[in-house]
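Here is a friendly walk through one protein model, from a pair of helices to the whole chain. Please keep the structure open as you read.

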Amino acid sequence: MAARGHVQDPNDRRLRPIYDYLDNGNNKMAIQQADKLLKKHKDLHCAKVLKAIGLQRTGKQDEAFSLAQEVSTLEPTDDNSLQALTILYREMHRPELVAKLYEAAVKKVPLSEEYHSHLFMAYARVGEYKKMQQAGMALYKIVPKNPYYFWSVMSLVMQAISAQDEKLAQTMFLPLAERMVEKMVKEEKIEAEAEVQLYFMILERLGKCVEALEVIRGPLGEKLTSELQSRENKCMMLYQRLQRWPECNALAHKLLLKNPDDWQFYPAYFDSLFHLIDQSWSPPAEGEHCSEGSVHHTIAEVVRFVEERIKGEEGKESRSLRGPFLARLELMHRLRERGCPEESTLGEPQELMVQFFAKFGDKPCCITDLKLYLHLLSPDQHVQFINRLSEAVPLGEQGDEGFAFPDDTKGLQRHLCVCQLSRALGLHHSLDRDGKLRLIAELKAHYRHGLKFGENALKTELQHSDMYCLMAAHVYVDLWRETGDEAMVFQGLGVLQEGLSQSPSNAQFKLLLLLLYCHLGAFEPVVDLYSSLDAKHVQHDTIGFLLTRYAESLGQFSAASQSCNFSLRFFHSNQKDTSEYIIQAYKYGAFEKIPEFIALRNRLNQSLHFAQVRTERMLLDLFLEADIVLSLEESVKAMALSAEEDDIPWDNMRDNRDLTVFTNWDPKERQLTEEQRRRSLEEETVWLKMRSLTLRLLACLAGLEHSPSQSNSETATENGVGDKTSTLGSLLSQLQHTLQAATQIAEKRIQYPFLGPPSTRLASALSSGSCQCQAAALQLSVDLQELEAVGLDESTELQTQICNSFKSLVVQLQDILNKCKGDLLETKDGKLKTHPSLLENLTFFVEAVCIALWMASHCAKILRPLKTSLQKKKKKKKKEGNTAMPVAVCGFQELAGSLQDVISQALEHIKGQETGIAALKLAALSLEGCAQEEASFTKAAMDKVQSSYLRSLQEVGDLLKRRAETIKNLKI
């Protein structure tokens, strides 16, 4: 296209007001302005597209799409129209149409570099790697620039990565990519670091480690300058893959001489030593040990090397580096693992750790460093070790409370480190109740004393003594778990709320508060706490489970919707964003990042949390709206929910939960084990399967058509109802199998650590009877289908069976309701006691009622036409005088009355609970051993729990009232 130079296109001037309106979000004015312009200039395509963008943004998607297609069919080549259509199609989530647009533009303007590169990026958005390869080469032929050539090469690599057949990748795509790069190497056309990185990536994927090593160590390797020690890291990785342990050892030793604090090379140095020992390697009699220099192949040499690094640090005037001191402990750990007697040459572990503490105890990282090596101490050394460390902590004179405090932040950090190590060694856990209460008093005193060091801190900064506060809360939780005394957990909440008032940005306070409130059954304060965490991007996947696990189960339906939205917004935007990241990576030659972005997208698409949130959100919408706002059929249709399709990737499910998000100083035996992680994932998967099958069964129920002609089986098959019935049978049998698997898991009663993964709702769903009741209600649909096919006059036995199922369903609902009875909140002996399990049962009761009502509604739709046709027949046979009501109709009327009755009982119970909880006088409760200010935080926490329970009861009550209204529609 000819360049326009500095002369402004008059069309640009005409379109400018529309662009401005769209940018400012004034879509209606943009549409009006576009209409005005189109009256004068009918052929101004861009105005049509801008109008379509305005329509799309005001919710008129169909109009917008037809306008866009009008312009697309004309195959425009002006920049404005193409860019506007690209924006529109991206907003419509139809990136494949952008590719078609530029395919047409490239045919009309075959020499345009801009259009060819836009076409390449359009293919990149939809992952059309073969077409990307072709587009890249076409671009290179028009404008022979290296980046375009390597775009094509990278697209070949992407074909290899995405190929289902690994053999095809190894024999066709990657060798072709290798040849293409080698051609450029021979012609000496390699210019940029990104091109060398891509060559390395291809060789690595082909398993050609020797050739890759030659590239890195040769002249091409000199281009690798963007990352520190990029060449050395790549060499080290290749030596390890090739199992060239002498080179690996020599290179690590050489790099550690340069920088003794570079930890990544210590593990490689020690690993290579033990491999050399296992292989009985010895150096050649003459010449170099290997291409990288001399090799340390004996334990004595490695011990000497580490000791020399430590001497070098001790002789320095400036501050010592931690690396060599940690390396000594790491080497001791490895020698002990292998049972090597040389371990004793390094010294006594307790002595080494005390030395380490003396040097680095005033650094916050000291605890995480030493925690890794505490297992080197024998159990009888634990108390002695802590006493020796305590002697090295500079504390002032004892105050009135009997505690001595440090004078500066370095002393505070040392004392804090000793407290953390005591907890990690299990010394806190072994204290009795009084000992723990004394420890809490000491920790709180140190916390409050330490606040003076952060008087001028910004709100976004953490206080130096925050960890004391967190540890005090942990000890309160220990007491609560051991004694069942809820006063302890409320005091823990008070301490954390006090800490949060001083340190509003402390994420650990918020996370523990969130967990404690959920365990007490109070969800209301949790949403604000999670919002204030300001979780970014992938964190919605890694920590979102903390929120979504409890939201609906505690009866806070509107908050549950909000919680699901937090996560779903991220997952949906990730689809779009990843394409943009990939395009930027191509533009800037960051080729090695492209497979990483693809892997991230797959990891998020296969996320367990994504599947859970999607399923729970749809179920929640049905519980709240189906047959209230819209009918069940319309609700299912609006969600585009299919009973036949299961879109959850069961075989490739990824558990992306961060189960170590809480700061945790518990000893190893109390930490989460790999077995518990595996069990947790198994439990989550079975619960998800049950919820997913329930959802698909509801979609199936909504899809069963109800026309009188269905008694004719041929017509039924034509209408697709035969398929629906077989799907229904298959889903019900899957649900039964899953229920059995769930029962087996629930019987194991797996306990997780308090700071580990939360248990699913599975055990309580089974013990309340809700799962069994929901399955029984859904199972009824099979008998109803049969009744619809047979009719009322020849099905007395079937009708009796259906009536028995109706009665059984009501009994089950009554049982669940009985398990909800009892006070949710009560005061005993001047203390507040919560019963969150009753609230959870109440939510399960609501879910079971909803499903029972949908089944009743489905039944009514089947019985109405059957009853009408029976009455017509009876009019003809009036002489016979038999006008008794069919059994099914009587049974159904009885069911409707019973459902009304059971919901009325539930509403009565809720009303009584609301009155009881509102009447509780929390201000009168006694709080032992709490100062006035601390007591105010604890009382505030109690108020939040009380308010949350009232909110839950109100939401559950409102939903039940709306459901009770729908019973009026069940007349037949």
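At roughly what angle do the axes of helix H3 and helix H5 cross, and within what distance do they come? In this predicted model, the axes of H3 (residues 45-57) and H5 (residues 79-91) cross at roughly 20 degrees and come within 8 Å. Because angles under 35 degrees count as roughly parallel, H3 is roughly parallel to H5. The crossing of H3 past H5 is left-handed.

On the H3 side, the contact is built from His-45, Cys-46, Val-49, Leu-50, Ala-52, Ile-53, Gln-56 and Arg-57, while H5 brings Asn-80, Ser-81, Ala-84, Leu-85, Ile-87, Leu-88 and Glu-91. Sorted by class, the residues of this contact are 9 nonpolar, 4 polar and 2 charged.

Another helix pair is worth a look. Helix H14 (residues 245-258) packs with helix H15 (residues 265-278) at an angle of about 145 degrees, and their axes lie 8 Å apart. The crossing of H14 and H15 is left-handed. Among the residues that make the contact are Trp-245, Pro-246, Asn-249 and His-253 of H14, and Phe-265, Tyr-266, Ser-272 and His-275 of H15. The contact of H14 with H15 has 12 nonpolar and 4 polar residues, and no charged ones.

Now for the interior. In soluble globular proteins, nonpolar side chains tend to be buried together. Here, the largest nonpolar core has 307 residues. Which residues have the most contacts inside this core? They are Phe-385, Phe-523, Tyr-586, Phe-591, Phe-845 and Trp-854. Helix H39 (residues 836-876) supplies the largest share of the core, with 21 residues.

Phe-385 makes a good place to zoom in. Setting aside neighbours within four places in sequence, Phe-385 touches Gln-350, Met-353, Val-354, Leu-374, Leu-377, Leu-421 and Leu-425. Apart from the largest core lies another, of 7 residues, including Cys-564, Leu-604, Phe-610 and Val-613.

The loops hold some residues to pick out too. Two of them, His-93 and Arg-749, have a positive phi without being glycine. Their values are set side by side here.

| Residue | Phi | Loop | Relative accessibility |
|---|---|---|---|
| His-93 | near 60 degrees | between H5 and H6 (95-108) | 56%, exposed |
| Arg-749 | near 45 degrees | between H35 (721-748) and H36 (762-768) | 68%, exposed |

Is Gly-218 buried or exposed? With a relative accessibility of 14%, Gly-218 counts as buried, because the cut-off for buried is under 20%. Gly-218 sits in the loop between helix H12 (209-217) and helix H13 (230-242). Its C-alpha atom is separated by 27 Å from that of Pro-260, a residue 42 positions away along the chain.

Finally, let us step back to the whole protein. The model contains 41 helices and 2 strands. Along the principal axes, its C-alpha atoms fill a box of roughly 120 × 85 × 60 Å. The protein has 972 residues, of which 53% count as buried. How much of the contact in the protein with a separation of 6 or more comes from residues 24 or more positions apart? Such residues account for 73% of those contacts.

Methods. Residues numbered from 1 in each chain as written. Predicted model: local features only at pLDDT ≥ 70, side-chain atom pairs only at ≥ 80, totals over all residues. Heavy atoms only, no water. Axes fitted to C-alpha atoms, helices over the stretch in contact; angles between N-to-C directions. Helix = DSSP H or I, 4+ residues; strand = E, 2+ residues; numbered from the N terminus. Left-handed = near helix turned anticlockwise from the far one by under 90°. Contact = heavy atoms within 4.5 Å. Nonpolar A, V, L, I, M, F, W, Y, C, P; charged D, E, K, R; others polar. Core = buried A, V, L, I, M, F, W, Y, C linked by side-chain atoms within 4.5 Å. Buried < 20%, exposed > 50% of the residue type's maximum accessible area, 1.4 Å probe, protein only. Parallel < 35°, antiparallel > 145°, perpendicular 65-115°, else oblique.
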